[in-house]
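User: I would like to learn how to read a few local features of a model, one at a time. Could you take me through them?

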Amino acid sequence: MTQVCIHWFRKGLRLHDNPALIAALEDCKELYPVFILDPYLHNTQVGINRRRFLIGALKDLDCSLRKLNSRLFVLRGKPEDVFLKLFKEWKVRKLTYEYDTEPYSLNRDEKVTSLAGKHAVEVIYKISHTLYNIERIIEENGGKPPLTYKRFQAIVQKLGPPKKPISAPHLENMKDVKTPCSEKFEEKYGIPTPEELGLESTSLGEELFPGGEQEALRRLDEHMKKTAWVCSFEKPQTSPNSLSPSTTVLSPYITFGCLSASTFWWRLTEVYQGRKHSDPPVSLHGQLLWREFFYTGSVGINNFNKMEGNPVCIQVDWDTNPEYSAAWREARTGFPFIDAIMTQLRQEGWIHHLARHAVACFLTRGDLWISWEEGQKVFEELLLDGDWALNAGNWQWLSASAFFHQFFRVYSPIAFGKKTDKNGDYIKKYLPVLKKFPPEYIYEPWKAPRCVQHAAGCIVGKDYPHPIVQHEQVSKKNIQRMKEAYAKRSSNSNESPIKEQGVKRKALSVSEMPQKKIRKE
Ligand code: FAD
């Protein structure tokens, strides 16, 4: 009997290092590579840069599949509804996909798996979004996610290096496999147009980071050629406000799965081979381990993207202040460094890690005393690399709510940026209204004498806002408030969160059991 198989692309928008796709090709006569535009995930709440990136990634994937005499079928609707139709219409026998640990995805996959069971469709999923099987890390740590990087490193050292990536399928792998395409293919299954995803060309800026596996691999190659740079890479030494990125900007490609983390890892290993190189946590290997670290937390800690009900998160009495939230989001805080970063985020969809530090600290414990969950939402919308686990984990870190507890170390919205950009060229690029300010006032334009403001053609309070808060004062007050939140936590739990090593996990559900084949005869 003809073996009809669907490989379901969700993240993992690539052909290289895609074990689930290779599993799809085993005993397969008809292959349907499918992507589903899911109204829950792909809607206009997602920032325009990310929607454009997705279109690019899908086009690129389709192009690569065509070279294998196949095509990408893009369907629209709730996955369980789409599959109900497809299982019957295409007489599907096997469904493969990459394992995804996000709560929404687990829930979705459980529904689809159950539907597959009812239609005698075998389901196979493989782990390739992360370097490790996250469940194994938790298991190795006694059923709890490690809460410190050190502990995490010790566990992964025990597990050994990550699995090596596997090659993309070749024409040879496809010689007995067909992808049947109907005449009305474009109409029924075409890649979404910008209009379909609500993109207006007038609102889009230059496409600095085009989506797709080919661009991901090109970008990776470009960086890996810089041997000395790779070997001496230390994250804290990179700059938040250089005019071109001082780190790899591979994050959007890893988030969408255009690049596999394990391919990145092993390319780095090749570059390091026989050379003196930096080490985790600051090296590039170290960055990929940070990613695994937060993924482990996201799998093992309940309510990971929330303060309430999250057992590792300090409970803080954050203010509700729509005016402050909007000023931060819309780059109107009156602090040029903060506003420039938020402008770059909105225009380009990517900002440097330390720039994320600066604006996250400013919004939360540093200045505005707004919940990290608010910041998380804005990043989720605007970041090209918006990732459920990494966003939540890093916001907790920056707000000193979990993982990092030195709340008395506050970033200055003035001094921090000056360290790497005295002239304020970064500010001038993203806030052209300030471009004529002399360097001594560019970080604090409100301090410039009236004549300087006139000469710069920018009057503070009229052309650019006054600072929303007095940093020196509010940051001191906020440190005090953090101290109280920590004291409350200690008296409640009788234990400092710093000492905690983790929390016990809930029992696994069916779809949380990775690598397991689900068969229905
Ligand atoms: P590089 O320095 O070149 O690092 C290589 C890769 O390592 C990155 O592409 C990324 O996959 C991983 N990595 C690096 N730093 C971290 C980190 N701190 N945590 C986890 N993984 C890391 N990253 C996201 O990918 N998605 C997010 O939604 C996200 N939200 C964040 C929110 C806040 C408040 C903060 C402070 C950081 C956030 N990060 C997030 C982490 C980090 O800032 C980005 O991964 C990094 O800046 C991406 O740029 P890059 O690819 O040039 O990184």
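User: Before anything else, is valine 249 buried or exposed?

Analyst: This is a predicted model, in which local features need pLDDT of at least 70, side-chain atom pairs count only at pLDDT 80 or more, and totals for chains, interfaces and linings use all residues. Residues are numbered from 1 along each chain as its sequence is written, and side-chain values use heavy atoms, with hydrogens and water left out. Buried means under 20% relative accessible area, exposed over 50%, and partly exposed in between, with a 1.4 Å probe and protein chains only. Valine 249, at 1% relative accessibility, is therefore buried, and its phi is near 50°, a positive value in a residue other than glycine.

User: Which relative accessible area does asparagine 303 have?

Analyst: Asparagine 303 has a relative accessible area of 35%, so it is partly exposed; its phi is also positive, at about 50°, although it is not a glycine.

User: What does aspartate 100 contact, leaving aside its neighbours within four places in sequence?

Analyst: Contact means heavy atoms within 4.5 Å. Beyond those neighbours, aspartate 100 is in contact with Arg10, Lys11, Ser105, Leu106 and Arg108. Its relative accessibility of 6% is why aspartate 100 counts as buried, and its side chain reaches the backbone nitrogen of glutamate 102 at 3.0 Å.

User: Which residues does a cis peptide bond join?

Analyst: The cis peptide bond joins proline 280 and proline 281, with omega about 5°.

Note on methods:
Polar contact = N/O pair within 3.5 Å; in protein donor to acceptor, adjacent residues only side chain to side chain.
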